[in-house]
Amino acid sequence: MNRRGLILSVLALGVAGFGGATWYATRPGPAAEAKTVAPELADAMIRSYSPILGPADAPVTIVEFFDPACEACRAFHPIVKDIMAQHGDAVRVVVRYTAFHGEASEEAIRVLEAARMQGVYEPVLEAVLRDQPRWASHGAPEPGLILQIAATAGLDAEAARTQMLAPDVVAILNQDRADVETVGVRQTPTFFVNGKSLDPFGEAELRRLVAAEVAAVQS
C-alpha cells in the first residue's frame, strides 16, 4: 500500500471508531426497564472517595462506571453534562474508574487523581477526553503525553508525577477494580441512577430515567 493509501485507511478507521461510539450513545433500541440494584451491592456502588461532579447533596445520583480511554465514554460525556445542566442542582454524577483498556486507562486515572489533589479535576477531565484520540491507543501510551495534555488544563505536571504514585491513588485503583467485579460491570460506560440500572440503554433511556427520578424527588 502506498503512503497516500495508508493515510486514507488510517483516517477511515478513525472516523469509523468515532462514529461507532456516537452510534452507541444514540442508538435506537427496545424499551429499557429500570432495575433496582440488590441492597448488598450498595456499598460497592459509591465510595466516600469517589469523585463527584455537580452538587454533593443533589437528590439524584448518576453513578458512571467510566474508562477515560473508552470511546463510548467520551461520546457520552457531553450527554451527561447536558443532563446535569438540564436538571440543575437536582443531579450529581459519581465517577467510578473502570480500567478496561490496560496501561493507558490506568495512567489516565492516575493523572485524574493527581488533578483532583490539585483542585483541577474537571478541566483536566475535559482535556483528557478532548484529546483521547491522541493518547488512548489501547496499549502503552506515549510516555508523558497524558501529563502534557493535562498540563494544558492547569495541572502541575512535576508535582503530579509524585502524586500519581501515592498510596491513596493505588488504593483507589484497587478498590474500584474490586467494585467493578462485585457490581458485575462488563462494559463502559455503565450507568446507575439512584441505584437503578438500565439494560439495554442509550441516550434516550438515560435521559428518561434521570427525568423520572428528578420528578419523583420534586413531587
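These exercises work through the fold, the cores and the largest pocket of a predicted model.

**Exercise 1. Overall make-up**

Task: State how many helices and strands the protein chain has, and what share of its residues is buried.

Solution:
- Begin with secondary structure. The protein chain contains 10 helices and six strands.
- Turn to burial. Of the 219 residues in the protein chain, 46% are buried.
- Add the contacts. Take those between residues at least 6 apart in sequence: 81% of them join residues at least 24 apart.

**Exercise 2. The sheet**

Task: Give the order of the strands in the sheet, and find which are the edge strands.

Solution:
- Read across the sheet. The order is S1-S6-S5-S3-S4-S2.
- Classify the sheet. The six strands form an open sheet, and the pairing is mixed.
- Locate the edges. Strand S1 (34-36) and S2 each pair on one side only, and these are the edge strands.
- Recall how pairing works. Strands of a sheet pair through backbone hydrogen bonds, in parallel or antiparallel fashion.

**Exercise 3. Pairings of S3 and S4**

Task: For S3 with S4, S2 with S4 and S3 with S5, decide whether each pair is parallel or antiparallel, and count the bridges.

Solution:
- Take S3 (residues 60-66) with S4. These strands run parallel, joined by seven bridges.
- Check the register at two points. Valine 60 is opposite valine 91 in S4. Glutamate 64 is opposite valine 95 in S4.
- Move to S2 (residues 52-53) with S4. These run antiparallel, with two bridges. Here isoleucine 52 faces valine 94 across the pair.
- Finish with S3 and S5. They pair in the antiparallel sense over four bridges. Phenylalanine 65 stands opposite threonine 190 in S5.

**Exercise 4. Burial of two strands**

Task: Determine whether the residues of S3 and S4 are buried or exposed, and sort them by the side they point to.

Solution:
- Count along S3. Seven of its seven residues are buried, so S3 is largely enclosed by the rest of the structure.
- Sort S3 by side. Val60, Ile62, Glu64 and Phe66 take one side, and Thr61, Val63 and Phe65 the other. Both faces are covered.
- Count along S4 (residues 91-97). Seven of seven residues are buried, so this strand too is largely enclosed.
- Sort S4 by side. Val91, Val93, Val95 and Tyr97 point one way; Arg92, Val94 and Arg96 point the other way.

**Exercise 5. Nonpolar cores**

Task: Find which members of the largest nonpolar core touch the most other members, and describe the surroundings of two of them.

Solution:
- Pick out the members. The core holds 56 residues, and Val124, Trp135 and Leu155 touch the most others in it.
- Map leucine 155. Beyond its neighbours within four places in sequence, leucine 155 contacts Val111, Ala114, Ala115, Gln118, Val120, Val124, Leu147, Ala150 and Ala160.
- Note the other core. A second, separate core has 11 residues, including Ala44, Val94, Val180 and Val185.
- Place tryptophan 135. It lies in helix H6 (residues 132-135). Tryptophan 135 counts as buried because its relative accessibility is 1%, and the cut-off is under 20%.
- Add a distance. The C-alpha atoms of tryptophan 135 and leucine 145 are 6.7 Å apart, with their positions 10 residues apart along the chain.

**Exercise 6. Two buried helix residues**

Task: Say which helix holds aspartate 179 and which holds isoleucine 83, and list what each is in contact with.

Solution:
- Place aspartate 179. It is in helix H9 (residues 167-183). At 2% relative accessibility, aspartate 179 is buried.
- List its partners. Outside the four places either way in sequence, aspartate 179 contacts Ala44, Arg47, Tyr49 and Arg96.
- Place isoleucine 83. It is in helix H3 (residues 71-87). At 1% relative accessibility, isoleucine 83 is buried.
- List its partners under the same exclusion. Isoleucine 83 contacts Ile62, Leu206, Arg207 and Val210.
- Add a long-range pair. Isoleucine 83 and glutamate 203 are 120 residues apart in sequence, and their C-alpha atoms are 9.9 Å apart.

**Exercise 7. The largest pocket**

Task: Describe the volume and the lining of the largest pocket.

Solution:
- State the volume. The largest pocket encloses about 300 Å³.
- Count the lining. It has 17 residues, and Thr190, Phe192, Ser197, Leu198 and Asp199 lie nearest the centre.
- Trace the strands. S5 (190-193) and S6 (196-198) each supply at least two lining residues. S5 gives the largest share, three residues.
- Split by class. The lining has nine nonpolar, four polar and four charged residues.

Notes: Residues are numbered from 1 along each chain as its sequence is written. This is a predicted model: local features need pLDDT of at least 70, side-chain atom pairs count only at pLDDT 80 or more; totals for chains, interfaces and linings use all residues. Side-chain values use heavy atoms; hydrogens and water are left out. On a 1 Å grid over the protein atoms alone, a cavity is a set of points where a 1.4 Å probe fits but cannot get out, and a pocket is an open set with protein on both sides within 12 Å along at least five of seven lines; lining residues have an atom within 4 Å of a point. Grid points are joined across faces, edges and corners, and a volume is the space filled by probe spheres set on the points. Ala, Val, Leu, Ile, Met, Phe, Trp, Tyr, Cys and Pro count as nonpolar, Asp, Glu, Lys and Arg as charged, and the others, Gly among them, as polar. A nonpolar core is a set of buried Ala, Val, Leu, Ile, Met, Phe, Trp, Tyr and Cys residues joined through side-chain atoms within 4.5 Å. Buried means under 20% relative accessible area, exposed over 50%, partly exposed in between (1.4 Å probe, protein chains only). Contact means heavy atoms within 4.5 Å. Two strands pair if DSSP finds at least two bridges between them.
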